[in-house]
Amino acid sequence: MDKYVIHGGTALHGEVEISGAKNAAVAIIPAALLVEGVCRIENIPQISDTDMLLTILAELGARVSYINRTTIEIDCTDARYQDAPYDLMRKIRASYYLIGSMLGRFGSAKTTMPGGCNFGVRPIDQHIKGMTALGADVSVKNGFVYADALGGRLHGARIYLDKVSVGATMNIMIAAVLASGRTIIENAAREPHIVDLANFLNSMGADVRGAGTDTIKVNGVEKLHGGSYSIIPDQIEAGTYMVAAAATGGEVLVKNVIPKHLECISAKLRETGTIVQEYEDSVLVKGASNLRRVNVKTMPYPGFPTDMQPQMGALLCLANGTSVITEGIYDNRFKYVNELRKMGAEIQVDGRIAIIEGGRRLTGAPVMACDLRAGAAMVIAGMCAAGETQVEDIHFIERGYENFVGKLRALGADISLVSFPDEAETGSDKIIAFG
Ligand code: EPU
């Protein structure tokens, strides 16, 4: 079993380069299925989620080749309809984008439901509502999603999302690109990766307008052509290093970022007394000796991202006073609190609210990464704690953070990836889905 072993107490110092955005890449890779031609995609993050999606595309007949560590070429000219591979699909939440891209390309899709979730019920009813409005007959049976475009091709439609959903917004955009006529998505999500997906699609010949606002218009086209595209930097990876610098009281230049995407995180960090200086494509974070308490509420972009909530939770254990975190997106994203308690944190949770009594000295302990961001929070807590912390279930972390250990070590953290002899492994039933 692989674990991260961390000896806390070292402030992070130096520079870290941020990789391409996971949640953009996991939509852009499936969207490449719409393109008959070569898509050259730069700034692909080296994480297991993107590896899995590339394998799924290859199984559908795509030619995938690495040009260098972060640049790939995907050629889906010879892709053909078949059931998407079940074992890979169920492991990754973003596999739901195959519903949109297979429907758009082939007029049919059969995929697995994105598997069990780590933070409460995560339905895909808004995805289904969108595909149905576009003219697909969609049914869910025995864990599979079956979708068929009536007449073989989707048509444009006006779709109002009942919930602001990143996944549904992007999935409908993907499906609508090759549909006949115009699609209008209202109450659309506005995250940076939504704009990135639209830019990718447009650079391959699509006509998507309004991404980044709550109304997106997609004028369907007959065909997409090959092209080149570079994925934006990862907002959440950058935010994680920013919080890590603040929590350890260090000084870190976070490079290759779009500071505008980080404003919600920078503003909260400044409230804690942390200094955040913005430059053109980097931010400098200087930790304060005395962190102040803050309240945080997670919201859709441009609000504070739910994917930064656990990392902020770890930081607020160290801040003086009582902080309140309100989770505005998911029903159950506080599982990591039990792990922080093992390290001496004092946190009460009531539904979607966590009350953190800060100013505690954390002590190292064996803890679990309950999911990707919870795992990142454990690593941050471990770097601030006295003594040794061992973080288990790190496969979750490696789904979304490229070279996490290497980047943190380069900043001076005492963290290592250590293989321990297998205990009673429970195997694949532990991994359900993520993203
Ligand atoms: N929702 C519905 N019905 C739907 C879709 C969503 O009720 O059809 C609800 C969800 O249950 C949730 C809320 O709407 O309460 C928002 O969910 P959303 O659809 O926006 O989330 P997602 O597409 O499933 C993506 C990211 C998550 C990130 C959220 C919110 C991917 C693969 N995943 O999930 O990323 O938390 O958006 O920003 O893009 C992560 O990277 O750690 C991660 C979990």
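Helices (H or I, at least four residues) and strands (E, at least two) are DSSP runs, numbered from the N terminus. The model is predicted.

**Exercise 1.** Locate Asn142 among the strands and state what sets its backbone apart.

Solution. Step 1: Asn142 belongs to the loop that links strand E7 (136-141) with strand E8 (144-149). Step 2: its phi is near 50 degrees, a positive value in a residue other than glycine. Step 3: most residues other than glycine have a negative phi.

**Exercise 2.** Determine the state of the peptide bond from Tyr301 to Pro302, and place Pro302 in the fold.

Solution. Step 1: omega for this bond is near 10 degrees, and the bond is cis. Step 2: most peptide bonds are trans. Step 3: Pro302 falls in the loop between strand E17 (296-297) and helix H10 (309-316).

**Exercise 3.** Describe the surroundings of the ligand, from its shell to its polar contacts.

Solution. Step 1: the ligand has 28 residues around it, the closest being Tyr96, Gln126, Ser165, Asp307 and Ile329. Step 2: by class, the shell holds 13 nonpolar, 7 polar and 8 charged residues. Step 3: polar contacts require N or O atoms within 3.5 Å. An N or O atom in the side chain of Tyr96 is 2.6 Å from a ligand oxygen atom, and one in the side chain of Arg122 is 3.1 Å from a ligand oxygen atom. A polar side-chain atom of Asp125 is 2.7 Å from a ligand nitrogen atom. Step 4: of the 820 Å² that the ligand exposes when taken alone, the protein buries 94%.

**Exercise 4.** Explain why the ligand lies between domain 1 and domain 2.

Solution. Step 1: the ligand occupies the largest pocket. Step 2: domain 1 (2-19 + 234-434) and domain 2 (22-230) both contribute shell residues, so the ligand lies between them. Step 3: helices H1 (22-31), H5 (125-133), H6 (166-176) and H12 (372-384) each provide at least two residues of that shell.

Note on methods
Residues numbered from 1 in each chain as written. Predicted model: local features only at pLDDT ≥ 70, side-chain atom pairs only at ≥ 80, totals over all residues. Heavy atoms only, no water. Near = heavy atom within 4 Å. Polar contact = N/O pair within 3.5 Å; in protein donor to acceptor, adjacent residues only side chain to side chain. Areas by Shrake-Rupley, 256 points an atom, 1.4 Å probe, with all protein chains shown as cover. 1 Å grid on protein atoms, 1.4 Å probe; cavity = no way out; pocket = protein on both sides within 12 Å on 5 of 7 lines; lining within 4 Å. Sits in = over half its atoms within 2 Å of the grid points. Nonpolar A, V, L, I, M, F, W, Y, C, P; charged D, E, K, R; others polar. Domains from an automatic or database assignment.
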